[in-house]
Amino acid sequence: MGLPVSFEFFPPKTPEGVEKLRAVRQQLYPLKPEFCSVTYGAGGSTQEGTFNTVRDILAESVPAASHFSCIGATKTSVREQLATLKAMGVKRLVALRGDLPSGYGAGGEFHYASDLVAFIRSETGDDFHIEVAAYPEVHPQAKSPESDLQAYVTKVRAGAHSAITQYFYNSDAYFRFVDDAYKLGADVPVVPGIMPITSSTQLMRFSDASGAEIPRWIRLRLQAFGDDTASIKAFGLDVVTDLCDQLRNGGVPALHFYTMNQSVATLEIANRLQLS
Ligand code: FAD
């Protein structure tokens with residue numbers, strides 16, 4: 001049974017990285033992604049790299065989504081960037097608050113992603129399909145699960161068309177989140193974000209920062225593999241394929257893969273799920 005997919009990349013920092021990502025995209029394109037998205041460093045730190053990668057994807061005749069974070073931004077700077085993205089032919093945005101690196105003052109004219117969504121809609125109407133972030137396991141800075149759910153509903157009411165979740169390894173959290181959001185009237189599609197497991201240390205680091213929970217049994221199994229990367233990858237493929245299968249059986253609208261600019265794990269999972 002097929003299911004639409006999308007892929008997320010980050011902007012490479014070196015010419016070699018740009019070439020490698022080009023090759024990675026070509027390996028993934030046979031899966032016919034709905035779109036490929038490119039992350040954006042909060043405070044505009046990767047703007048040039050993000051826009052260049054988005055341009056490359058569009059030049060390959062694949063729809064591209066530009067992530068867009070608003071923390072520290074002004075209305076004038078956002079307006080200018082929207083005009084640039086529109087001129088590039090971008091039709092999809094992932095609208096985020098973002099996290100400023102420590103040491104930066106908050107500043108700026110936007111406090112939350114909902115402010116950005118409302119601004120984009122008021123400035124550009126329906127020109128862009130707007131995605132927002134969703135957190136089935138609750139955003140790490142949220143005051144409470146209820147306030148976080150309400151913040152999500154506010155983003156949808158502000159004009160988001162769909163959402164992509166933070167990654168998770170517990171499908172119950174996702175289905176509960178979608179049910180609760182729908183009950184509050186936020187009934188846009190919520191696409192689960194899928195993080196393939198290829199490295200134990202990397203996963204632990206990301207999860208600590210993002211608040212995504214690694215279930216105890218997965219954490220312990222990964223720790224027990226130590227430096228045995230082949231076993232980590234084999235176990236990771238089994239776990240993430242099972243997760244995707246549960247999600248598909250539960251009727252998710254699509255799968256969004258956090259590729260980390262790599263193709264092997266995503267391709268293998270897609271192959272096992274017979275997505276192509
Ligand atoms: P918001 O929705 O604004 O929420 C941020 C926090 O504020 C939450 O705790 C929420 O509960 C709270 N909140 C929201 N509204 C209110 C309100 N009115 N009153 C009180 N509290 C409120 N980061 C990047 O820097 N670049 C990227 O490219 C990037 N891509 C991402 C893609 C996806 C799919 C996801 C899930 C995350 C991504 N992130 C990215 C990380 C994201 O920027 C961080 O998680 C950030 O801390 C929150 O961004 P947000 O858009 O979810 O914020």
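Contact here means heavy atoms within 4.5 Å. I start there because the contact lists later on depend on that cut-off. The other thing to say at the outset is that this is a predicted model.

First, the chain as a whole. Its secondary structure comes to 10 helices and 9 strands. The radius of gyration is 18 Å, close to the 19 Å from the globule rule for 276 residues, so the chain is as compact as a globular protein of that length. Along the principal axes, the C-alpha atoms fill a box of roughly 50 × 45 × 40 Å. Of the 276 residues, 49% are buried.

On contact order: take the contacts between residues at least 6 apart in sequence, and 79% of them join residues at least 24 apart. The accessible surface is about 13000 Å², with 51% of that belonging to carbon and sulfur atoms. For the electrostatics people, there are 25 positive and 30 negative charges, and their mean positions are 1 Å apart.

Now strand β9, residues 255-258. Which way do its side chains go? L255 and F257 point one way, H256 and Y258 the other way, and all are buried. Strand β1, residues 5-9, runs parallel to β9 and is joined to it by 4 bridges. Within that pairing, S6 has H256 as its bridge partner. Strand β8, residues 193-194, also pairs with β9 in the parallel sense, over 2 bridges. There, G193 stands opposite H256. So H256 turns up in both pairings, as the partner of S6 and facing G193.

Next, the loop after β9. Two residues in the loop between β9 and α10 deserve a look, and one of them is M260. M260 is not a glycine, yet its phi is positive, about 55°. N261 lies in that loop as well, and it too is a non-glycine with a positive phi, of about 60°. For context, most residues other than glycine have a negative phi. Are these two buried or exposed? M260 is partly exposed, because its relative accessible area is 23% and the buried class stops under 20%. N261, at 6% relative accessibility, counts as buried.

The last stop is a pair of loop residues, P136 and Q166. P136 sits in the loop between β5, residues 129-134, and α5, residues 145-157. With a relative accessible area of 12%, P136 is buried. What does P136 touch, leaving aside neighbours within four places in sequence? The list is T165, Q166, F168, A173, Y174 and F177. In C-alpha terms, P136 and F175 are 8.2 Å apart in space and 39 residues apart in sequence.

Q166 is in the loop between β6, residues 162-165, and α6, residues 171-183. Its relative accessibility is 18%, so Q166 counts as buried. With neighbours within four places in sequence again left out, Q166 is in contact with A134, Y135, P136, G193, S210, A212 and Y258. Two of those names have come up already: G193 is the residue opposite H256, and Y258 is one of the buried residues of β9. That links the loop at Q166 to the strand we began with, through the contact between Q166 and Y258.

That is the end of the tour.

Conventions:
Residues are numbered from 1 along each chain as its sequence is written. This is a predicted model: local features need pLDDT of at least 70, side-chain atom pairs count only at pLDDT 80 or more; totals for chains, interfaces and linings use all residues. Side-chain values use heavy atoms; hydrogens and water are left out. The radius of gyration is taken over C-alpha atoms; the globule rule is 2.2 Å times the number of residues to the power 0.38. Buried means under 20% relative accessible area, exposed over 50%, partly exposed in between (1.4 Å probe, protein chains only). Accessible areas come from the Shrake-Rupley method with a 1.4 Å probe; for residues, only the protein chains shown count as cover. Lys and Arg count as positive and Asp and Glu as negative; His and the chain ends are not counted. The place of a charge is taken as NZ of Lys, CZ of Arg, CG of Asp or CD of Glu. Two strands pair if DSSP finds at least two bridges between them.
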